[in-house]
Amino acid sequence: MRKVLVLYCSARKTGNSATLAASFIKGALTKGHQVTEYFIPDKTIAPCLGCNYCQTHQGECIQKDDMQEASRLLQEHDTLVIASPVYYLGFPGSFKLFLDRTYNESATGRKITASILLTTACKQEDFVTNTLVQYYRSLADYLGWKNLGVISAQGVESPGEIDSLPCLDAAFQLGLEL
């Protein structure tokens, strides 16, 4: 059984990336995996100060905000699912803040061993999604995560536009196949 942490990067709690994640979660729960959901836009996460305090204090950050909870969750799970829209060819800023603050794990050791990307884009052109996907793959390689899959939906902007697309079935199947 995997312990799956689903990170929502979109401010839209009922948007297309959330719908894609819901299909994945349904499959993962059906298979008996433990799933924890975490909505990054709801959290207060300050930028990393680059002060290296965490490197000399067993991973503890000098800043006291919602990243303490997020760091604990990262240490309690083995699989990370990133559910994100594409913003200007990349991840939303809230995810970047979150990611930068995981620097503390270089002092304590990373517990996440595998990852999945579920992404949506309002644009139909492949290069829009491909840029984000390539960044994700490079990030997974750099952090030592085994990439378990990428599911992308393109040309979906308004909530609900994803509802009839085959990517929802693919996300459910990916959850089942964990």
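Trainee: Leaving aside its neighbours within four places in sequence, which residues is Asp65 in contact with?

Mentor: In this predicted model, those partners are Thr44, Ile45, Ala46 and Arg101. Asp65 itself sits in the loop between α2 (53-56) and α3 (67-76).

Trainee: Why is Asp65 called buried?

Mentor: Its relative accessible area is 16%, and buried means under 20%. So Asp65 counts as buried.

Trainee: What makes the approach of the Asp65 side chain to the backbone nitrogen of Ala46 a polar contact?

Mentor: The side chain of Asp65 reaches that nitrogen at 2.8 Å, and the cut-off for such a pair of N or O atoms is within 3.5 Å. The distance therefore fits the cut-off. There is also the backbone nitrogen of Met67, which lies 3.0 Å from a polar atom of the Asp65 side chain.

Trainee: And how do you know that Asp65 and Arg101 meet in a salt bridge?

Mentor: Their side chains come to 2.8 Å, N to O. The definition asks for a side-chain nitrogen of Lys or Arg within 4 Å of a carboxyl oxygen of Asp or Glu, so the pair qualifies. This pair links distant parts of the chain, with Asp65 in the loop between α2 and α3, Arg101 in helix α4 (residues 93-101), and the two positions 36 residues apart.

Trainee: Is Arg101 buried or exposed?

Mentor: Buried: its relative accessible area is 4%, and the limit is under 20%.

Trainee: How many salt bridges does a search of the whole structure find?

Mentor: It finds 7. One of them joins the side chains of Arg72 and Glu76, at 3.1 Å from N to O.

Trainee: Why are Arg72 and Glu76 said to be separated by about one helical turn?

Mentor: Because they are 4 residues apart in helix α3.

Trainee: What makes Arg72 and Glu76 partly exposed?

Mentor: Arg72 has 41% relative accessibility and Glu76 has 35%. Buried is under 20% and exposed is over 50%, with partly exposed in between, so both residues get that label.

Trainee: Which residue does Glu105 form a salt bridge with?

Mentor: Arg110, with the closest N and O atoms 2.7 Å apart. That is within 4 Å, so the pair counts as a salt bridge.

Trainee: Why do Glu105 and Arg110 get their labels, buried and partly exposed?

Mentor: Glu105 has 5% relative accessibility, so it counts as buried. Arg110 is partly exposed because its relative accessible area is 27%, and partly exposed runs between the 20% and 50% limits.

Key
Residues numbered from 1 in each chain as written. Predicted model: local features only at pLDDT ≥ 70, side-chain atom pairs only at ≥ 80, totals over all residues. Heavy atoms only, no water. Buried < 20%, exposed > 50% of the residue type's maximum accessible area, 1.4 Å probe, protein only. Polar contact = N/O pair within 3.5 Å; in protein donor to acceptor, adjacent residues only side chain to side chain. Contact = heavy atoms within 4.5 Å.
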